[in-house]
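Biologist: I'd like to learn how to read a model like this one, feature by feature. Could you walk me through it?

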Amino acid sequence: MLQLITILNRCHRFPGFVYQQARFSSDHKSIEIAVRPRKGSKAVCSRCHQPAPGYDQLAERRFEFIPFWGFLVFLLYSMRRVDCRRCQAVVVEEVPWADGKRTLTKAYMLFLACWARRLSWKETAEAFRTSWDKVFDAVEHVVTWGLEHRVLGQIDAIGVDEIQYAKGHKYLTLVYQIDLGIPRLLWVGKERTIESFQGFFTAMGKDVISKIVFVCSDMWEPYLKLIRQNCSEALHILDRFHIVANMNKALDNVRAEETSRMRREGRAPVLRKSRWLLLRRSENLGADQHFRLRDLLRYNLKTVRAYLLKEAFQQLWEYNSPAWASKFLDEWCRQTMRSRIEPMKKIARSLRNHRELILNYFRAHKLLSSGVVEGLNNKAKVTMRKSYGFRTYRVLELALYHSLGKLPEPDSTHDFF
Ligand SMILES: [Zn+2]
């Protein structure tokens, strides 16, 4: 007859320990499996990972295992303590199925963590009749292991971006590896200050950092400064997406300001509902919207002039040669500075200040599109939405590494699908 113990020995077997017996709990809702040390096998010190002579035994502990046919499953085991000569201390033993800190078995943590990548953490907890906190523990275990065991290797290109995670300007700094073929999240930092971003360079180590060839970032001054300091050999490229986003913001300010001024002056509300017409690229508009846009462009408005400047700027990205691109950029800035539209002039000034970094995009032969960073950042936003419950920094950090870090996973005795 096939017994539970036989199955366990097939999928979750550890030399040095034996499954003694399986029984129902008194309420018949869970299965309890008693585990004991194999006769003659020595306990292993959890500090130095070497066998050591026994000292005493602690009270029985329950380790939660993967549920089975609608029953919760627990391994029951009394941990031994060893008198370790190497460590010169009485230390609790190390058991291969658990990490010593948590009540979940490693196998169950790996199992839950896999599901927590596909479902939200809350859904995972509900599906397996466990708590959100235990899903958190599971992900923390797997991510910690993954970060300790990941191989950084040669990193050619990185992208830096920030993401807002709570109201009141709470930001995370995210650093991605954006080499062709291996996009992954390398590092998460709290805030977007010089101190926090410096943490990335420290964590990666000089060896990895010194070999980076391309860095892609936005115009945030602390980023620019540290990249100059740490990656002086790398080609620093200003992220195209952010330039376009800033320009859209400027245009939107012009539109909002002009709309309310026209209202105050009692003029016809021609700019009403024009926001998306103006912000979207014209080739993405439907026929109807095209018609409305053409209509709008006949007016001599600041908004219209700002829109035309924004649309004209898009041509920059068509150039291949840095020389032609720079000619175009300079000419665009010159025109814009004469436009008497303050938000657009501000953009032109900023572009002039960062001219070299913008032109680096062309010097890098346009190989690095910020689209990779943008794509990863969108995934990061989806992850944030799925994992919260408690939107603390630690939760987000774990969730982001878990879903975007491409981290290695702890070995498993069996594929518990
Ligand atoms: Zn020891």
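Modeller: Sure. Let's start with what counts as a donor: an N, O or S atom within 2.8 Å of the metal, or 3.2 Å for Na, K and Ca. And keep in mind that this is a predicted model.

Biologist: Which residues are the protein donors of the zinc ion, and how are they spaced in sequence?

Modeller: The SG atoms of Cys45, Cys48, Cys84 and Cys87 do the job, lying 2.2 to 2.3 Å from the zinc ion. Written as a pattern, the spacing of the donor residues is C-x2-C-x35-C-x2-C.

Biologist: What arrangement do the four donor atoms make around the zinc ion?

Modeller: The general idea first: ideal angles are 109.5 degrees for four tetrahedral donors. Here the donor atoms subtend angles of 105 to 115°, so the arrangement is tetrahedral.

Biologist: Is cysteine 84 buried or exposed?

Modeller: The cut-off for buried is under 20% relative accessible area. Cysteine 84 has 2%, so it counts as buried.

Biologist: Now the strands. In what sense do S4 and S5 pair, and over how many bridges?

Modeller: Strand S4 (residues 71-84) pairs with S5 in the antiparallel sense, over four bridges. One bridge partner pair is valine 82 with valine 91 of S5. The two strands form a hairpin with four residues between them, and glutamine 88 in the turn has a positive phi of about 50°.

Biologist: Which side chains of S5 point to which face?

Modeller: They alternate along the strand (residues 89-92): Ala89 and Val91 are buried on one face, whereas Val90 and Val92 point to the other and are not buried.

Biologist: And where does isoleucine 33 lie?

Modeller: In strand S2, residues 30-37. At 1% relative accessibility, isoleucine 33 counts as buried. Setting aside residues up to four places away in sequence, isoleucine 33 touches, among others, Leu4, Ile5, Tyr19, Val73 and Leu75. Tyrosine 77 is 44 residues from isoleucine 33 in sequence, with 8.7 Å between their C-alpha atoms.

Biologist: How do I check a helix, say H2, against its expected span?

Modeller: Use 1.5 Å a residue: the 13 residues of H2 (106-118) should span 18 Å, and the end C-alpha atoms are 19 Å apart, which agrees. Helix H11 (residues 302-313) has 12 residues and reaches 17 Å, close to the 16 Å expected.

Biologist: What covers the buried residues of these two helices?

Modeller: The buried residues of H2 include Tyr108, Met109, Phe111 and Leu112. Their cover includes strand S3 (54-68) and helices H3 (121-127), H4 (132-149) and H16 (393-404). In H11 the buried set includes Val304, Tyr307, Leu309 and Phe313, along with Lys310 and Glu311. Helices H8, H9, H10, H12 and H13 are among what covers the buried residues of H11.

Biologist: Where is threonine 130, and what does it touch?

Modeller: Threonine 130 sits in the loop between H3 and H4, and it is buried at 16%. Leaving out residues up to four places away in sequence, threonine 130 touches Glu64, Tyr108, Leu112, Ala125 and Val135.

Biologist: Last one: how many residues does the largest nonpolar core have?

Modeller: In soluble globular proteins, nonpolar side chains tend to be buried together. Here the largest nonpolar core has 98 residues, with Trp121, Phe197, Phe200, Trp332 and Leu351 having the most contacts inside it. H16 gives the largest share of this core, eight residues. A second, separate core has 28 residues, including Ile5, Cys11, Leu75 and Phe111.

Notes. Residues numbered from 1 in each chain as written. Predicted model: local features only at pLDDT ≥ 70, side-chain atom pairs only at ≥ 80, totals over all residues. Heavy atoms only, no water. Tetrahedral: all angles 85-135°; square planar, octahedral: opposite > 155°, others 65-115°. Buried < 20%, exposed > 50% of the residue type's maximum accessible area, 1.4 Å probe, protein only. Expected span 1.5 Å × (residues − 1). Contact = heavy atoms within 4.5 Å. Core = buried A, V, L, I, M, F, W, Y, C linked by side-chain atoms within 4.5 Å. Pairing = 2+ DSSP bridges.
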